[in-house]
Structures are given as structure tokens and as C-alpha cells.
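Me: Please take a close look at one part of this model, the open sheet of chain A, and describe how its strands are ordered and paired. A short account of the other chain would also be welcome.

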Amino acid sequence: MSYTLIGRVQSRLVATLPPLIVALAIHRWWALELVGLMLLFGLALDVCVYDKLIDYQPGWLALPLGAGELGLIVLATRMPLTWRAFDLFALGWVTAQVCGHGLFPRLRLEYAQSGGELGRLGAIVATAVAAVTFASIAGAVAVIPPTVHLHGVVQGPLVITHAQTLVGGVVRGGVVIRSDHVTLKNVTIVGGEYGVDIAHAQHVMLDRVRLLDFKMDAVHALDSSLMVHRCSVSAPASPLANGILITYSMGRPMSMVQKCRIVGVREGITTHSSMVDVVDNDVVGTTLHGISLSEMSMDTARGNRVESARGIAILCMDHSVCEISHNTITGALVDGNQDPSRQGIAIESYFYAEAHVHHNTVVASPGGVQALDLGVVTR
Amino acid sequence: MRCAIVGSGLAALTSYATLRHRGVPADEIAVFGTHADPTTVWRIRASSIRQQRMRSESDGHLAAAAFPGLVQYDHWLPALLWTVTNRYRPPIELFLRHAAAVREESGWDASFVERRVANIRASGAGFAIDGEGTFPHVLLALGHPGLMRLPGTVHAYEPHDYAPQVAVIGAGMAAATEWRNARAAGSDIVSIRRREPLRRPLNVPRVLFSKRGLAPYHRLGDDARVSLLHDLGRPSYPRSREWDFEVRVVDEPPPGYQVIAATGFRKGFAEDALLADLVATHDLATRDRFIVLAPDSTVPRLTDEHRTLSVAGAAGQWAFPAADTIAGAKYAARAFSSRVCRTR
């Protein structure tokens, strides 16, 4: 079809209606942002490139143009594309094709000969879509949690009861989070019963947080959903202190612990009755378990490196269902000779747990991979 | 009666279907023509030249809305792939079946009046057709004025067979098809032509089918427009292996050769008695062989708030360069139907 500029813009705006409705319905910032970017890049390309270069657009050209627009969005956001984001983009693309080739020509006989222009009603709808999209984004931006930059050392415990982003600084005595949409970024936390204590909260993000000198757990999350990314946990105050504990969070969205380095604690990463992705972490020198997925959890442990764990490196326990893959376990240590379940086991499925195990590398771990006390290992 | 369509070919049928799609009742439309079956003339020509596929694409059909196109009725899955690359050519048989369906669904037969119209006169708030009735809105869908026959030849669009030696006059789609046919019949072929054939997918660049190309076209001065229309009228045919073979070119038909005139149609309003009379009677503006039309295919001098005279088909090129295609017929029909519906 040979679009006029107005035709391109109107067709694009009206075809954006379904993804916009989805974005508003699921009430997620990323979705609204994606629809906004789709429109922004699309309209910019329409005005600056397509209208100038493409006199006639054959049907097949929609595919490379769509791929190009998607590539630009990914480059601009510098974020890997999630499947959900891809689905939303694909919905927009498919809608544009269905509208452009089927719906619009059906509803408006002159659609093609008018170069994609949609007439008075189309112009009204197009304007409304643009207005709603950008108003929604403006509205969302207006309610983005405030960002607080911490300078120097703050004496805690710091209690956070409303959505906000804390950036930088050192907090002594721990941080208590009791609100959704809290982000800690580049914060160093020293001391406290718990380094970070999270309860009944979701959309919590710990990004590049360093945790030291905590007495019980570096991160303790109860009935919460959180993302822990590139954290550092070391130098606990007590030999009984644990690393990251996510507990009783089955009713919350999934959590994720990714690319953290955890050294010298009792249990490195532990879940109870939760759904957690434990991915690409380094866990070194734990005294009880490296990674423990337990109490009816449904977890994934993938791409982790567990080194010198005493007794058990990765444990799937107590009716949990675990996907354990692509991990590297080296030097799991025998912990005495009384307990057969702690004989330097790399991966253990224990007490009615079901561990699906594949593509793991086990080095110098005398216990190997085992299923004990009615646990099951499948490969 | 609120409107009349003069003509009974494909342009008339698609105009009729468009009016019906937009809610004009069948009893408010009269169709004056010589053939109850709107495909009669076209079918004879297509069959004479042994045409198997349309030159137009999936949307080259007669229904009012562009979607669904012919490809959706062609139960051949690869056709979908061909259509997104603009290589889909609907089979003639499919097109004729579709035309029959449009004829039946639109109620064409209820509005058809068998009559060869001799003259049209502006009369008060409408037009009298052969001195009868007053129709506020009239669409002329007259088709081509006739075949461009040459003495001592058989025209490509008339039934014929192929002698062992065939000379084809012309360099357009019909000529290329005749080369292919004669070759398939085992004939020795020579080509007689004034210029080398142009190879382009459609008669007219695609951009001129939409407002993107039409808006600048409508802004052209008269001389530039005439020049462009002459250029677009040069014979052409699409690139395809079907026609890619050597044909010997000669200046005169060699003795003993069957001569086929693939010379298309007579051109210009003066070749059509009805249009020539209309122009002369109402002193309509013309340039070269074209009647000057408004961008919406209406005749400016005879169209106002209350009445409409539109021209579809080959005679409507001043408004739409590809007027002799189905897309051209639709262009005029849509504008016409908008006016009819607006003045309801």
C-alpha cells in the first residue's frame, strides 16, 4: 500500500489500541512503557524515514520493519527483552497487520486509496489513543516512587514504609522494608539482626547491595516477592548467620536471586514454601547448605557455582519440586561421619522432594548426587 | 429512481455493488446496459486471448470492500505467500465465480434494464437518459469504446486460432500473451512493434493508486497531466518467465503469416458516441483525448449539490490514471456512492 504520512500515523495509532488496552489492564509499568516506546519510535520512523523512503509498501515489508522497530526499542532501553514484552510487541504488530489488511479496508472502503487515512472517526480514535497513551505514561511517571540518595553513613535500623528508591550510602543496623515498590541500589548495609528485613511486600528490588556483619540473615523475606541482583554477602557477625532467606511467599509473585556472591555463612540461599529462581550466583564456604530449596517450594537453581560447601551444596527438601541445572559444584566437604545426608553431597533430594537434575558439573564432591529419605532425583 | 448506472460491464457491477454495500436499495438504482451478465464482454476477450490469470492482484475484485480479497477464496495455501510479495495473480475461473457471486448477492438483476443508451442530457435537478426519467445521480461506466482493429488482421480479443506462422502486432500485455499462446501452439512467431516493450507489474505505478500519488497528480497542470497519461498508456507487461523468450522482430508481416492485432482498444472520448454527444451538447471541458474531471471523477460542469454525473472506467483517466482497471472503477464508484448517500 502507498501510505500518506497522515495515513501511516493514523493507522499506527488506531492499531495500537489493543496493546494499549492490555497494558492498562495488566497495570504494569513495563507494559505501558513498551507501548509508549512502540508509539514513539513508530511515529518517529513514520515521519523521518518511512514517509520519505517508502512510496509503496508491499505486505512482506512489514516483517523487517517490525523487527527493526523491535531492535531499536531493545537498543534504546538496553534491557533484554522478556517474553511478555515480546508478546505485547507482537500483539501490536499482528494487530497492525490485521487492521491494515482486513479490518480497516472492511470498515472504510476508501482506506487503501486514501493512503491509510481513516477519515473523521479514525482521526478521533487515533488522537484518543495518542492522548491516552501519553497521559497514562505521564500519570505513571508522576507517581513513580521518589528516589533518595544516601550520603555517608546513616544510623539505622532504617524503616521504609512507603514506596521509594534508596541509592548509595551506608546504613548501619539494617533496613526494614514494609512497603511495596521499594528499591535499594548500591547501598551498603552493616550490622542489624537482619541486614534487610522484608515482610508482606512485593516489587522489592535489591540491586548491587552489600551486606556485612548481620547477626541472623543478610536478607530475610517473609511473605514477599523480591528481586535480588548482584548482591554481595560476606563477613557475618555470627557463625549461625545465613545469607538470603525467602520464606512463606508462595502467595506472592515469583522472586529471583541472581548474580550474587555469598561467602562464609551457614546457609547461602534458602527458600521455604516459595517460588524462587536462583540463578548464576557464587556461593562459597557455607557451613550447613550452599543452596537449600525446601518446604514445598517450587524453585529453580540454574547456573550457580557452589564451592566448598560443608555437608550439602544444593539441597531440594521436604516435598519441594526443584529444577536444578547447569550448576557447578566443587569441593563439597564431608561433615562428620554420623549423618549420611551430609557426606559432601553435591545435589541432594530429601524427604519426598523431587529434583529434576541435568547438565550440572560436580567436581571433588564425594557424596555426588543422591536421593535420600524418599526423595526423588530425575535426570 | 435516485441513481442510474449506464453500462453493464465489470465497472458497472462493482459500482452497483458499492452502492448496495452503502445501503442504497436496489429499487433506487437502474442499470442500463446491453448484457445482463456483466462478465459477458470481458469473458469473450479473456477467452479469446486464452488468459488464465488476472494481471491484477488479490484486491482486483468486484466486491465493495477490499477485504476479503480473491486470495482468501483461493484454496491454495502458497497463494497467501505470493500475495504478500505482490506475485499473486488470481485465476480467471476464480474471478468469474466471484463475479457471479457479487452479481447474485448485490441483486444486480433486479436493477438491470436492457437498453443501449444513446444520449444523456442534463435536465433540471438531474439527467434524462434517452429523454426519459430524471435521475439525480448518474454514473457512466461505458467501458472501452471498441477494439483497435486493423484491416486484414484478427484482433487478439476476438476468438481465433493460431496458424503455423503468426505475426503479432503490439508490445503490451495482449501481445505478450499472444506470443506465449502461439508458441504453445507450435507456431513460428514474429513481432511487429513500434517500440520495445516496457516491463512493469501494473499499467500504472502503484503509488498512483492512492492519495499519496494522486494528490500530486491532481495538482499537475493540464499539459503535464496529458503527457503523463500518454506515457502511462504505453504498452507494458509484467516480468515473468512466462513471457521471457526471444521473439523475432520484423517491420512488416512476412507473406503468408496470420496477423494478430494485439493493439488493445480505441482511445479517447471522441471514439465513444455517447461521450462525444455529451461533450458536444454540454460543451464539457476536454484536453487532448480526455474529458476533464474533478478529482472525485465527477464532471464539474454537470455536478452540484443536488446532482452528480460521474465517469468510471477508461474515460475517467483524468481523475484516476488507472481508471480502466477494477481499482479505477472502485475509485469512481466510492466517490459516487458517497455523494449519493450524502444527498439521500
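Reply: The sheet is described below, followed by the other chain and the contact.

This is a predicted model, in which local features need pLDDT of at least 70 and side-chain atom pairs count only at pLDDT 80 or more, while totals for chains, interfaces and linings use all residues. Residues are numbered from 1 along each chain as its sequence is written, and chains are lettered from A and ligands numbered from 1 in the order in which they are written.

Helices (H or I, at least four residues) and strands (E, at least two) are DSSP runs numbered from the N terminus, and two strands pair if DSSP finds at least two bridges between them. In chain A, 11 strands form an open sheet with parallel pairing, in the order β1-β4-β7-β10-β13-β16-β19-β22-β25-β28-β31. The edges are held by β1 (147-149) and β31 (376-378) of chain A; each has a single partner strand, so one side of each lacks a neighbour in the sheet. On average, neighbouring strands of this sheet are turned by 10° against each other, direction ignored; here axes are lines fitted to C-alpha atoms, for helices over the stretch in contact, and angles run from 0 to 180 degrees between N-to-C directions.

At one edge, β1(A) pairs in the parallel sense with β4 (residues 164-167) of chain A over 3 bridges. Thr147(A) has Thr165(A) in β4(A) as its bridge partner.

Further along the sheet, β19 (residues 276-279) of chain A is joined in parallel to β22(A) by 3 bridges, with Val279(A) opposite Arg302(A). Strand β22 (residues 298-302) of chain A has Asp299(A) and Ala301(A) on a covered face, and Met298(A), Thr300(A) and Arg302(A) on an uncovered one. Between β22(A) and β25(A) there are 5 bridges, again in the parallel sense, and Met298(A) stands opposite Val321(A).

Strand β25 (residues 321-325) of chain A is in turn joined to β28(A) by 5 bridges, the two running parallel; the bridge partner of Ile324(A) is Val357(A). In a regular strand the side chains alternate between the two faces of the sheet. Along β28 (residues 354-358) of chain A, Ala355(A) and Val357(A) point to one face and are buried, whereas Glu354(A), His356(A) and His358(A) point to the other and are not. A residue is buried if 20 or more other C-beta atoms, placed from the backbone, lie within 10 Å of its own, exposed if 12 or fewer, and partly exposed in between. The parallel pairing of β28(A) with the edge strand β31(A) has 3 bridges, and Glu354(A) is matched there with Val376(A).

Turning to chain B, it has 11 helices and 17 strands. Of its 344 residues, 45% count as buried. Its C-alpha trace spans about 60 × 45 × 40 Å along the principal axes. Arg239(B) lies in the loop between β12 (236-237) and β13 (248-249) of chain B, and counts as exposed because it has 10 C-beta neighbours inside 10 Å.

The contact between the chains takes 18 residues from chain B and 20 residues from chain A, where two residues are in contact if their C-beta atoms, placed from the backbone, lie within 7 Å. On the side of chain B that touches chain A, α4 (78-84), α8 (211-219) and α11 (326-342) of chain B each supply at least two residues, and α8(B) gives the largest share, 3 residues.
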